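Visitor: Can we go through the side-chain contacts in this one? Keep it quick.
Guide: Sure, here it is.
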Amino acid sequence: MADKRLRILVAKPGLDGHDRGAKIIARALRDGGFEVVYTGLHQTPEMIAEAAVQEDVDAVGLSILSGAHMTLFPEVIKLLKQRGAGDVAVFGGGIIPDDDATRLRELGVREIFTPGASTEDIVKWVHENVQARQ
Amino acid sequence: MSSKREWLETTYKQASERPVRFSTISDMELAALYTPDDAQGGYDETLANPGEYPYTRGVYGSMYRGRLWTMRQFAGFGLAEDTNARFHYLLSQGQDGLSTAFDMPTLMGYDADHERAQGEVGREGVSVSSLQDMVRLFDKIPLDRVTTSMTVNCSASVLLAMYLIVAERQGIPWDRVGGTIQNDMLKEFIAQKEWICPPRPSLRIVTDMIEFCARKAPRWHAVSISGYHIREAGSTAVQELAFTIADGLCYVEEAVRRGLAVDDFAPRLSFFWNIHNDFLEEVAKLRAARRMWARIMKERFGAKNPRSMMLRTHAQTAGASLTAQQPVNNVVRVALQAMAGVLGGVQSLHTNSMDETLALPTEQAVTVALRTQQIIAEETGITNTIDPFGGSYAIEALTDRIEHDAMEYIRRLDEMGGMVQAIETGYPQREIAEAAFHYQRQLEKGIKTIVGVNKYSVPEELPIDTLKIDPAIEERQVQRVRKMKRERNSLAVREALARVSEACRSNENLMEPILEAVRREVTVGEISEVFRTEFGVYRDPGWI
């Protein structure tokens with residue numbers, strides 16, 4: 001079956017400017033065969049949810065290092081649901097303590113990648129866990 | 001004895017070589033051996049003695065035999081009083097200069113009560129919205145005896161104004177206040193990404209501050225030209241050096257265009273480098289940096305005062321080199337990086353704490369980091385003679401090579417019309433993203449090693465204590481800012497803001513109106529809002 005190429009939005013929520021990881025992931029996903037949209041920095045949850053809907057993506061990868069993940073990740077998920085896009089797979093990465101990662105998974109984040117995760121692991125995870133939206 | 005070439009073809013060929021690529025962390029290949037054949041240029045022109053042009057061997061005549069570097073640990077979290085307590089602790093432990101970390105909203109020009117500040121207040125640094133916060137931050141710290149470094153860029157003009165007013169209230173005249181404000185906006189667009197306005201108005205604000213400090217606060221360093229973040233964003237050592245020196249060049253050009261004489265402000269320009277894992281490359285980078293700056297200031301700008309040519313620098317061990325895995329190993333990384341910094345001749349140093357890849361440092365972790373510097377200074381003996389690596393064939397060859405490659409970048413930037421144009425087209429941003437991706441690939445292929453991550457990894461990790469920021473801090477700070485805004489004289493605030501707007505629209509130096517506004521309790525966010533209105537907002541083009 002010829003798969004539709006999955007579209008993935010890579011986004012940096014909040015005020016944190018550390019975009020090295022996000023850019024590496026964006027390039028690795030592109031090399032891994034996905035269509036990648038990168039929003040650039042300093043995005044509000046509204047901007048991210050809106051871009052996800054506009055771009056009709058299948059997944060959203062969020063990267064944050066400032067510690068605001070507990071506020072911003074669930075907000076993105078809530079806003080996606082409000083826009084009828086609750087089936088978009090949200091995954092994230094950054095400096096996220098284990099306890100927070102567990103809580104975020106309960107809140108609907110599909111996977112959390114922390115420092116040391118390889119781009120290959122992330123690409124593989126997307127291949128195995130993200131389906132094209134209907 | 002054989003020549004180097006004969007030696008390579010005979011003795012070396014017969015010996016065995018491990019099947020690895022011998023290159024630096026920046027992927028610069030190294031020769032098996034450096035010999036006198038590799039020495040370029042004479043001693044007088046390329047090295048010279050310490051304290052003499054081109055300062056390769058150090059900016060001061062006696063270097064650490066005269067005075068050790070300033071041990072300046074970066075600190076800031078929570079409310080102003082939390083950070084004030086950490087400052088007093090660090091000073092009591094033998095630290096001799098302060099270095100302030102502000103939280104993201106402060107760094108981006110938002111007050112704690114702004115909706116964009118949600119979830120970020122006091123997390124990555126201390127929250128400072130108003131003069132009252134600044135007064136609490138430096139409570140009982142004598143600003144004429146302690147120098148302070150403040151890591152803030154797009155809102156630097158407001159924070160500097162606040163600091164000067166705190167000094168004034170302590171009865172200390174501005175000409176006795178010493179310290180550094182980072183204020184390097186060009187590197188923000190290249191790497192650190194905390195901005196308010198586009199590059200050109202940002203450069204104008206920085207130049208206003210250079211001019212103001214040259215006249216009113218002569219002991220203050222109005223800009224610390226920073227490669228640190230360029231490296232953290234994933235650049236090579238050569239890119240860090242090239243883009244940073246090119247940023248410095250741009251500030252000097254702007255100030256000269258403004259009519260300032262180069263020798264009137266250049267002695268107060270300072271630098272800030274990253275010290276990464278590759279020991280030899282880092283020592284060579286610092287030596288190359290001094291030589292490049294000296295030559296550029298003399299040859300390009302006709303500086304006469306030797307102090308204008310001396311690249312004095314702070315350095316910090318590489319945050320990005322630390323691993324969340326086996327975090328205790330970070331103590332070793334930091335020690336070796338700090339040693340490279342000292343052998344490279346820095347004037348001030350921050351050593352990272354082992355837990356910084358997980359959270360802000362605990363008091364115990366920051367103490368170990370400070371002790372690391374003290375051990376290097378007082379136990380290892382490497383401070384007993386100046387530039388002990390000077391004359392090492394390998395170090396000198398690497399210094400020459402790094403200078404050459406960095407100058408090649410500067411030539412390319414000149415061709416593009418200078419750094420501002422280059423930034424607008426995304427050139428340095430893309431070069432850095434490319435280097436970061438190349439390194440990541442090398443790690444994943446096992447060409448480069450990170451101990452405990454892609455080699456010698458273990459399934460279970462020992463948990464270490466980390467500092468937790470109480471979420472209640474945000475609510476307290478928000479309430480405090482709101483209360484302050486209700487109680488101040490709102491007419492005085494409006495007048496002061498109108499004055500700042502007017503100055504933005506004219507050629508007037510912005511610092512006096514900002515000082516006046518801060519005196520009237522105008523906040524970081526309110527002045528930044530004037531910048532947004534008058535100069536426009538910069539949006540990340542998102543180059544990948």
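Guide: A term to start with: a charge sits over a ring if NZ of Lys or CZ of Arg is within 6 Å of the ring centre and within 35 degrees of the ring normal. Bear in mind that this is a predicted model.

Visitor: Okay. Which ring does B:R532 lie over?
Guide: B:Y110. The charge of B:R532 is 4.2 Å from the ring centre.

Visitor: And B:K298, which ring is that one over?
Guide: B:K298 lies over the face of B:Y53. There the distance to the ring centre is 4.3 Å.

Visitor: On to ring pairs. How many aromatic pairs over all chains?
Guide: The count is 19. One of them is B:Y163 with B:W220, a tilted pair. Their centres are 5.2 Å apart, with 50° between the planes.

Visitor: Where do those two sit in the chain?
Guide: B:Y163 is in helix α7, residues 156-169 of chain B. B:W220 is in strand β6, residues 220-221 of chain B. The pair links distant parts of the chain, 57 residues apart.

Visitor: Buried or exposed, those two?
Guide: Both B:Y163 and B:W220 are buried.

Visitor: Which residues form a cluster with them?
Guide: B:F87 and B:F138 join B:Y163 and B:W220 in one aromatic cluster.

Visitor: What about B:F189 and B:Y538, how are those rings arranged?
Guide: Edge-to-face. The centres of B:F189 and B:Y538 are 4.8 Å apart, and the planes make an angle of 80°. In sequence the two are 349 residues apart. B:F189 belongs to helix α8 (residues 185-192) of chain B, while B:Y538 is in the segment after α23 (524-535) of chain B.

Visitor: How accessible are they?
Guide: B:F189 has a relative accessible area of 2%, so it is buried. B:Y538 is at 13%, and counts as buried too.

Visitor: Switching to cysteines. How many disulfides?
Guide: Zero, over all chains.

Visitor: Why is B:C154 not bonded?
Guide: Because the closest cysteine sulfur, in B:C197, is 7.8 Å away, too far for a bond. The cut-off for a disulfide is 2.5 Å between the sulfurs. B:C154 is buried, at 7% relative accessibility.

Visitor: And B:C250, how far is the nearest cysteine sulfur?
Guide: For B:C250 the nearest cysteine sulfur is again that of B:C197, 16 Å away. B:C250 is in no disulfide. It is buried, with a relative accessible area of 8%.

Visitor: Now charges. How many salt bridges over all chains?
Guide: The structure holds 57. Among them is B:R476 with B:E81, where the closest N and O atoms are 3.6 Å apart. B:R476 is in helix α20 (residues 472-487) and B:E81 in helix α4 (residues 80-92), both of chain B, 395 residues apart.

Visitor: What does B:R300 pair with?
Guide: B:E253, at 3.7 Å between the closest N and O atoms. B:R300 lies in the loop between α13 and α14 and B:E253 in helix α11, so the pair ties together parts that are 47 residues apart in sequence. B:R300 is partly exposed at 35%. B:E253 is partly exposed at 30%.

Visitor: B:E396 and B:R287, buried or exposed?
Guide: Buried: B:E396 is at 10% relative accessibility, and B:R287 at 0%. Their side chains meet in a salt bridge of 2.8 Å, N to O. B:E396 is in helix α17 and B:R287 in helix α13, 109 residues apart.

Visitor: Last one. Which residues are linked in a network of salt bridges?
Guide: B:E168, B:E495, B:E516, B:R519 and B:R520.

Technical notes: Residues numbered from 1 in each chain as written. Chains lettered and ligands numbered in written order. Predicted model: local features only at pLDDT ≥ 70, side-chain atom pairs only at ≥ 80, totals over all residues. Heavy atoms only, no water. Phe/Tyr/Trp six-rings, centres within 6.5 Å; stacked < 30°, edge-to-face > 60°. Helix = DSSP H or I, 4+ residues; strand = E, 2+ residues; numbered from the N terminus. Buried < 20%, exposed > 50% of the residue type's maximum accessible area, 1.4 Å probe, protein only. Salt bridge = Lys/Arg side-chain N within 4 Å of Asp/Glu carboxyl O.
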